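Okay, thanks for making time this morning. I'll just put the thing up on the screen and then we can walk around it together.

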There are 2 protein chains.
Amino acid sequence: MRYLDISEIKAFESRKRVRLINCLTGHKSANLVGTQNSQGASNLSIVSSAVHIGADPALMGIVFRPDSSPRHTLNNIRQTKICTLNHISEELVIKGHQTSARYPENISEFDEVQLTPEELNDFKAPFVKESKLKIALKLVREIDIVENGTHFLIFAIEGVYFPQDILEEDGHLNLYKINTASITGLDGYSSPKKLGRLTYAKPGTFSNWLKE
Amino acid sequence: MRYLDISEIKAFESRKRVRLINCLTGHKSANLVGTQNSQGASNLSIVSSAVHIGADPALMGIVFRPDSSPRHTLNNIRQTKICTLNHISEELVIKGHQTSARYPENISEFDEVQLTPEELNDFKAPFVKESKLKIALKLVREIDIVENGTHFLIFAIEGVYFPQDILEEDGHLNLYKINTASITGLDGYSSPKKLGRLTYAKPGTFSNWLKE
């Protein structure tokens with residue numbers, strides 16, 4: 001085993017350090033955040049930092065960096081208090097990654113990466129038509145991470161769109177059927193392959209793989 | 001596409017709702033948090049909520065639920081201000097999942113799930129010997145998520161252990177070589193398979209897959 005102390009990591013060339021640290025949490029979720037500003041101009045940005053917070057109330061969090069491409073997204077959320085979260089499937093990885101390019105504020109990433117903004121049920125933030133799982137999110141609260149100037153935004157889940165056949169009887173969603181991808185580090189993409197689901201863990205005996 | 005409004009989801013049977021909402025962020029990182037209390041008794045719990053916050057300073061966040069098995073973990077972190085984060089490889093999925101069983105506080109999950117606590121470089125929280133990527137974390141700050149009683153803990157990365165051959169020249173870590181798994185929902189496990197790495201995204205042209 002190689003041991004890297006934080007002082008050694010700090011001595012790495014800047015991009016190398018960023019790549020390494022971004023890999024440490026493991027494989028990350030792959031989503032596109034859709035927003036529009038108060039004038040109706042749309043924006044789309046990739047995030048790997050969506051995290052489950054709770055099921056009742058249904059909440060999730062997203063870490064946003066202010067100093068990078070998604071800053072237009074953050075501004076739009078502050079204006080409108082809503083956004084959409086859209087799963088990136090294997091087929092959408094190249095277009096999704098491309099939203100991280102530094103486009104000017106008046107340019108819509110939807111146009112530039114050739115994805116289609118979609119309005120659903122009068123929700124005033126654009127969904128990604130090509131995405132197979134889309135979530136309407138309402139801002140609950142913004143928490144400043146003063147340690148590095150990032151922002152942790154807490155959202156309430158307002159509604160969810162997905163193909164009926166991915167909903168299993170017990171509520172679990174089969175994300176393999178819609179090819180939801182994952183992200184590693186800054187630029188690595190994976191297709192998660194099923195190992196299985198495990199039974200509820202109880203003391204005294206190991207869980208088993210669920211029969212499906 | 002099926003549309004489920006949050007009011008419909010709330011009407012689901014409780015466990016069904018929890019399973020569904022837990023799947024919405026997509027595939028999640030799979031880690032074990034190692035702690036010990038001020039008397040030296042060790043604890044181990046699975047988390048799918050580790051999220052990258054920043055590279056300089058090197059920070060990550062973890063959402064903890066107070067009302068579930070990891071509460072001993074949370075108490076230990078509050079006492080000692082440190083913990084370890086250990087990647088769950090495919091081979092460790094069943095043992096890792098088993099740490100979510102509700103063991104009494106005086107029982108070490110290391111013993112119960114047959115994983116080996118390891119002390120490294122005098123860090124006073126136990127690493128998982130069998131894990132191939134392990135991180136020493138120091139608590140920076142605890143943020144209360146008052147909306148549902150969870151806690152978002154921000155940690156500074158103090159040091160990292162991994163096999164030398166997973167470190168690529170540019171700093172990216174090859175997590176396929178150590179079989180790092182991912183989690184979906186409450187109990188689904190996957191093995192992420194490589195799609196590839198994409199070049200840095202710039203306006204005007206699509207990124208390409210990096211030659212490796």
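I'll go through the interface, then one strand in chain A, then a single residue in chain B.

One thing before we start: this is a predicted model. So please read everything I say with that in mind.

Right, the interface. How many residues of chain A are in contact with chain B? It's 95 residues of chain A, and they meet 94 residues of chain B. If you look for who gives the most on the chain A side, that's strand β13, residues 188-197, with ten residues. And the make-up of that side of chain A, by class, is 47 nonpolar, 29 polar and 19 charged residues.

There's also strand pairing across the two chains. Strand β11 of chain A, residues 150-162, pairs with strand β1 of chain B, residues 2-5. The sense is antiparallel, and there are four bridges. If you want one spot to click on, take A:Gly159, whose bridge partner in β1(B) is B:Asp5.

Now stay with β11(A) for a second, and let's go from there to another strand of chain A. β11(A) is joined to β6(A) by six bridges, and those two run antiparallel. One of the partners here is A:Leu59, which bridges to A:Ala156 in β11(A).

So, β6(A) itself, residues 58-64: buried or exposed? Mostly covered, with seven of its seven residues buried. Both faces are covered, actually. On one side you have A:Ala58, A:Met60, A:Ile62 and A:Phe64, and on the other A:Leu59, A:Gly61 and A:Val63, all of them buried.

β6(A) has another partner, strand β5 of chain A, residues 50-55. That pairing is antiparallel too, over five bridges. A hairpin of two residues links β5(A) to β6(A). For a landmark, find A:Val51, which sits opposite A:Gly61 in β6(A).

Last stop, over in chain B: B:Gln79. You'll find B:Gln79 in helix α3, residues 71-80. How does B:Gln79 count in terms of exposure, and why? B:Gln79 counts as partly exposed because there are 13 C-beta neighbours inside 10 Å, and a residue would need 20 or more to be buried, or 12 or fewer to be exposed.

What does B:Gln79 touch, leaving aside neighbours within four places in sequence? The contacts are B:Asn37 and B:Ser38. B:Ser38 is 41 residues away along the chain, yet the two C-alpha atoms are separated by 6.4 Å.

That's my tour, so over to you for questions.

How values were computed:
Residues numbered from 1 in each chain as written. Chains lettered and ligands numbered in written order. Predicted model: local features only at pLDDT ≥ 70, side-chain atom pairs only at ≥ 80, totals over all residues. Contact = placed C-beta atoms within 7 Å. Nonpolar A, V, L, I, M, F, W, Y, C, P; charged D, E, K, R; others polar. Pairing = 2+ DSSP bridges.
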